[in-house]
Amino acid sequence: MTARVEEAVALPGAKPAGPSAPPPDAAHPVCFGRLRGREAELALLARLLADPEERLITLTGPVGVGKSHLAHTALNAAARPADATVVVDLADARDEASVWAAAGTEPGHDCIGDRDLLLVLDNCDRVAEHIALGISSLLRTCPQLKVLVTSRMSLDIRAERIVPVAPLPTGAGSPAVQLFSDLVRPYYLAGLTGAHGRRTVADICAELDGIPLSIAIAAEAVGTQSPDAILDGLRQGRHSGTHRLRDAPARHRSVESALSWAEETLTADDRRLLCGLSVFEGVFDMAAVRCAGGLGPQEAVGGVESLVHKSLLMSVVSDDGTPRFRLPHIARAHYRAELARNAGEYEQAYEGLIRGCLDFAATTAARLRAGEGRAQLVAEAGERLPDLRAAVARLRSRGDHTRALGLLVHLEEPLLVHGLAPDVADDIEECATQPWAADDDPFLVTEALLSVARWALGRGDTGRADAVLRRAASAAAELPGIRARVKALTGELLRRRGEMTAAAALLESALDELDAAGDLYGAATARRTQSLLRAAQGDPDAETPILRALEDLRTVPEAVPSLWAVPESVSAVQASLLTALARVRRILGRAPQAYEASRDAMRLLLGAGGPGEVAEVLETVATVAGSATAEERHAVARVLADAQALRRRHGLVPDDDAALEAVGGRLREALDAAELHQLRLSAHQISLRDALIAGLFAPRPECGDPAEGQDTGPAPAAAPGGLTARQHQIALLVAEGLTNRQIARRLQISEWTVINHLRVVMQKLDCTSRVHVARAMG
């Protein structure tokens, strides 16, 4: 038995491993550099190798991810006796016979017997399915045998413990970036210094998914090409670098050779699906797989399972548990080049990409309109931005502007949140002004132009907004309901220009048409503008239009059938109205009520806010918040810094410059310049949610409770059930039989504030209705 093991060590391809003979891949980091970012995987592998219950361990992962390197590093760390480990490199093996010949044994043979032996089968990709049953037989007949396998695909037998080897982490200062720097030839390192060079290297590593082999090939190309040129080539689907170290394995000489080495394990269906999926730049789901491959549900599931099993598709974690996948860059570039050789299949694959993006856009718009998981939907759109933009470009190049417009308009909100409004506005305007546009689909064209006009107003470009609205009015000439929305937005444009008389007349006309058409959303937006206009003119009843709009929307379900492609949820419209209500009340000198309305708006925007809406409500609460103490001034300055950061990031301008300048001036006088600078730095990458949470903690106005000093209702006694004074006061008024509107008028707060307080009252008192609240208070 011992002789057979020693004989195996002497055979070509079989090598002893231990402290006395370090494996070549571990001793010479020509491909993967020093072990960084693998500490957790190495610790897990060490535990598994030491555990007698773990008989078969398989390291799997994409091509070039470093499976062999990790295995050899773990073997060195284990420090097993030289005659207790046999390493067999199966890179050249093609069938089962050649595997067992290289290993010096045969399945089921009793030559190993009870010997404590670790058999390492490296690079099993091409023979995994041939040796699986043989390994199973050896494990049954040799009780002390342990097998370590490295392969892109698992063996799929009962004893197997699969250890996925993930790509290296990417980003500034990450293990992937350190590996890249280590592998650049010393006389070209100067090109990596400086902030720009470091950012470029980080982008290269992210583009290459953190896969060490891809990073090594790119790093060794630096010199003849700059990092910027390498990054540009990668983004266009080209891999740079033909100079490889002389002792690099033949299959690692290039990206093509790495992928071609084990292609014989792919079926014709695998290759077909890989080529179809290669047109996707980012993350895709099963629906996109079916579109790209022209497959039925079961075929798509089987195809994806096969590719994931062979480590050619990477699974992506999603918040909602929906399976999503992506092709590593190395595979995407390789199979896209193969796809391009067949013009018919190439066009068919891109048509699948377009169908998948259109389906995603329509579904996202419907879910946004229904108020479902806005933050998650916006994040999903961000993951798919490269494919969405590729689909639009493809449609425009074909002259298919109708579908391009539909996709862009459906995704107006996500595109705005991800900072793409300027580019997308240009695309929309160009598509919508094609000669066919107004006749082909006036509904879609008008809504697309309204989107551009809204974006232009948000950026302060009133000239462009004016020109676009004129085109929209022309497109909607024969459609009264749509024409009324154009009028309403034109009224907003005139208000911002200071043309108050013309704006008021246009808004009255628009509201007549919108009310007649039953367009509650359009009417709500027009009344918002009307209230702001009246407040600027000093009308003490300026809030009346907004209060009516809020009342109208109370009975509207969250998802409303609409002709409009843009998703409009009740929550988003209500938040916009409440922000405007807060601004109106601030202008009228009612700061406490403005504060309450702005907080109500922020609560709604936590689930339905875009950057412009969030910045506006933060600015509003900052202009009414209290700032008597140093701590309060700091809190207000933080809210204002967050709002300014959001506007800078998205190129938006405020609509209330005078009030903002006033509060900004007071803060500059009260706070140290270094403190304000630090707040601006910390707000640079603030998320919408974090900015809103900071806004909710803005201090109340100095004049205190709006009901203070007035006979607004019963004086709160000792509050039951942990109710606050305000909640107790509202509960007592409910017990008196007052409606929400009557309570709001009595306490001089918004009706939505009453509703929010009453909801909390019911929770604290464990009541299911107003009647139960009245009984509890009695």
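Student: Which residues is Arg647 in contact with, leaving aside its neighbours within four places in sequence?
Tutor: Happy to start there, with the reminder that this is a predicted model. Arg647 lies in helix 32, which covers residues 630-650. Its relative accessible area is 10%, so Arg647 is buried. Beyond four places in sequence, the residues in contact with Arg647 are Gly612, Ala615, Glu616, Glu619, Leu652, Val653 and Pro654.

Student: Is Gln348 buried or exposed?
Tutor: Gln348 is found in helix 16, residues 343-369. The relative accessible area of Gln348 is 54%, and the cut-off for the upper class is over 50%. Gln348 is therefore exposed.

Student: What separates the C-alpha atoms of Gln348 and Gly294?
Tutor: Along the chain, Gln348 and Gly294 are 54 residues apart. In space, the separation of their C-alpha atoms is 8.9 Å.

Student: How many residues does the largest nonpolar core have, and which helix gives the largest share?
Tutor: Leu277, Phe280, Phe284, Leu313, Leu405, Leu407 and Ile428 have the most contacts inside this core. The core has 74 residues. Its largest share is 10 residues, and they come from helix 23 (residues 442-458).

Student: How many residues are in the other core that lies apart from it?
Tutor: Among the members of that other core are Ala575, Ala615, Ile686 and Ala698. Ala615 also appears among the contacts of Arg647. The other core has 55 residues.

Student: Why is the ring pair of Phe280 and Phe284 tilted?
Tutor: A search of the whole structure finds two aromatic pairs. In the pair of Phe280 and Phe284, the ring centres are 5.0 Å apart and the planes stand at 40 degrees. Stacked rings need planes under 30 degrees apart and edge-to-face rings need over 60. An angle of 40 degrees therefore makes the pair tilted.

Student: Are Phe280 and Phe284 buried or exposed?
Tutor: Phe280 has a relative accessible area of 1%, and Phe284 has a value of 1%. Phe284 touches Leu277, Val289, Leu313, Arg324, Phe325, Arg326 and Leu327, not counting residues up to four places away in sequence. With buried meaning under 20%, Phe280 is buried and Phe284 is buried.

Student: Which strands stand at the edges of the open sheet with the order 7-9-8?
Tutor: This open sheet has three strands with antiparallel pairing. Strand 8 and strand 9 (residues 324-326) pair over three bridges, and Met314 stands opposite Arg326 in strand 9. A strand with a single partner has one side without a neighbour in the sheet, so the edges are strand 7 (284-285) and strand 8.

Student: Where is Ser311, and what is its phi near?
Tutor: Ser311 is in the loop between helix 14 (297-309) and strand 8 (314-316). Ser311 is buried, with a relative accessible area of 11%. Its phi is positive in a residue other than glycine, near 60 degrees.

Student: Which residues on the two faces of strand 5 are buried?
Tutor: Side chains in a regular strand alternate between the two faces of the sheet. In strand 5, six of its six residues are buried. One side has Leu145, Val147 and Val149, and the other has Lys146, Leu148 and Thr150.

Student: Which strands pair with strand 5 in the parallel sense?
Tutor: Four bridges link strand 5 to one parallel partner, with Leu59 opposite Thr150. Five bridges join strand 5 to another parallel partner, and here Val120 stands opposite Leu148. The partners are strand 2 (residues 56-60) and strand 4 (residues 117-122).

Student: Why is there no bond between the sulfurs of Cys291 and Cys357, and how many disulfides does the structure hold?
Tutor: The closest cysteine sulfur to that of Cys291 is in Cys357, at 9.1 Å. A disulfide needs the sulfur atoms within 2.5 Å, so this pair is too far for a bond. Cys291 counts as buried at 14% relative accessibility. For the structure, the number of disulfides is zero.

Notes: Residues numbered from 1 in each chain as written. Predicted model: local features only at pLDDT ≥ 70, side-chain atom pairs only at ≥ 80, totals over all residues. Heavy atoms only, no water. Buried < 20%, exposed > 50% of the residue type's maximum accessible area, 1.4 Å probe, protein only. Core = buried A, V, L, I, M, F, W, Y, C linked by side-chain atoms within 4.5 Å. Contact = heavy atoms within 4.5 Å. Pairing = 2+ DSSP bridges. Phe/Tyr/Trp six-rings, centres within 6.5 Å; stacked < 30°, edge-to-face > 60°.
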